[in-house]
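Subject: Structure handover

Hello,

Here is the structure for you to look through. My notes on what was found follow below.

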Amino acid sequence: LLQEKFLEFASETGSVGQERIAAVNQMVDELIDYGHADAATIAEWKDGVNEAWADLLELMETRAQMLAAREGRASAGALQRALGAFEHDVEVLVTQVRQLQEGAAQLRTLYAGDNAEAIAGREQEVLRAWKELLAACEECRLHVASVADKIRFVGAARDLLAWMDGVLHQMGAGEKPR
């Protein structure tokens, strides 16, 4: 919701602000062209307004990137929570699989011949499916961990790039020699 509101704000600010900056620049240029007495001061103010506008656009872009990174982190957290809930459900199945094995062992002692073989065959099918489920859970856990690491890395890289842009902007924003 925060990201959606911010993007709406940034869009409105960008379109309306660009129109206003263009209008101000046109008026200032006209004043300078007509030889206004304070043309030098007006030109400095124009430069200041344009720099402030560029700073605002850059800050809005940085904020949008930070919000996007946070959303990614939140989705990774949601994946990890969902996986944790699923693994908890699988842990509950452990007792049921053990009970099935015990019941199958008891049934094999009661029945002989083809029935005992059928029971053993079914038990092996269940154990094979159980092992496949555990392997799939492990694969999913590794995948979610990998995605979470990737999201953290991309977020850190984005934060560092934004910081570097800010530093470069500060270095370039110093007073120009005259």
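Phenylalanine 9 counts as partly exposed, because its relative accessibility is 43% and the partly exposed class runs between 20% and 50%. Phenylalanine 6 counts as buried, because its relative accessibility is 15%. Please keep in mind that this is a predicted model.

These two residues both lie in helix α1, which covers residues 2-33. Phenylalanine 6 and phenylalanine 9 are three residues apart there, about one turn of the helix. The structure holds one aromatic pair. The ring centres of phenylalanine 6 and phenylalanine 9 are 5.9 Å apart and the ring planes stand at 45 degrees, so the pair is tilted. In general, a pair of aromatic rings is described by the distance of the centres and the angle of the planes.

Which residues does methionine 60 touch, not counting residues up to four places away in sequence? They are Phe6, Phe9, Ala10 and Thr13. Methionine 60 itself is found in helix α2 (residues 39-110). It counts as buried because its relative accessibility is 7%. Methionine 60 and glycine 14 are 46 residues apart in sequence, while their C-alpha atoms are 9.2 Å apart in space.

Next, the charged pairs. Side chains of opposite charge can pair when their charged atoms come close. How many salt bridges does a search of the whole structure find? The search finds six salt bridges, and three of them are described here, starting with lysine 46 and aspartate 29.

- Lysine 46 forms a salt bridge with aspartate 29, and their closest N and O atoms are 2.7 Å apart. This pair links distant parts of the chain, with lysine 46 in helix α2 and aspartate 29 in helix α1, 17 residues apart. Aspartate 29 is partly exposed, because its relative accessible area is 31%.

- Arginine 108 and glutamate 123 meet through their side chains in a salt bridge of 2.2 Å, N to O. Arginine 108 lies in helix α2 and glutamate 123 in helix α3, so the pair ties together parts that are 15 residues apart in sequence. Arginine 108 counts as partly exposed at 31% relative accessibility, whereas glutamate 123 is buried, with a relative accessible area of 8%.

- Arginine 141 forms a salt bridge with glutamate 138, the closest N and O atoms being 2.0 Å apart. Both residues lie in helix α3, three residues apart, about one turn of the helix. Arginine 141 is partly exposed, with a relative accessible area of 34%, and glutamate 138 is partly exposed with a relative accessible area of 34%. Salt bridges that share partners join Glu87, Glu138 and Arg141 into one network.

On the surface, Leu160, Leu161, Trp163 and Met164 make a nonpolar patch of about 460 Å². One of them, leucine 161, has its place in helix α3, which covers residues 114-172.

Last, the domains. The domain assignment of the chain gives domain 1 (1-73) and domain 2 (75-101 + 128-177). Where the two meet, the contact takes ten residues from domain 1 and twelve residues from domain 2. Taken over C-alpha atoms, the centres of domain 1 and domain 2 are separated by 37 Å.

Regards

Terms used. Residues numbered from 1 in each chain as written. Predicted model: local features only at pLDDT ≥ 70, side-chain atom pairs only at ≥ 80, totals over all residues. Heavy atoms only, no water. Phe/Tyr/Trp six-rings, centres within 6.5 Å; stacked < 30°, edge-to-face > 60°. Helix = DSSP H or I, 4+ residues; strand = E, 2+ residues; numbered from the N terminus. Buried < 20%, exposed > 50% of the residue type's maximum accessible area, 1.4 Å probe, protein only. Patch = residues over 30% accessible without salt bridge, like charges linked within 9 Å, V, L, I, M, F, W, Y side chains within 5 Å. Areas by Shrake-Rupley, 256 points an atom, 1.4 Å probe, with all protein chains shown as cover. Salt bridge = Lys/Arg side-chain N within 4 Å of Asp/Glu carboxyl O. Domains from an automatic or database assignment. Contact = heavy atoms within 4.5 Å.
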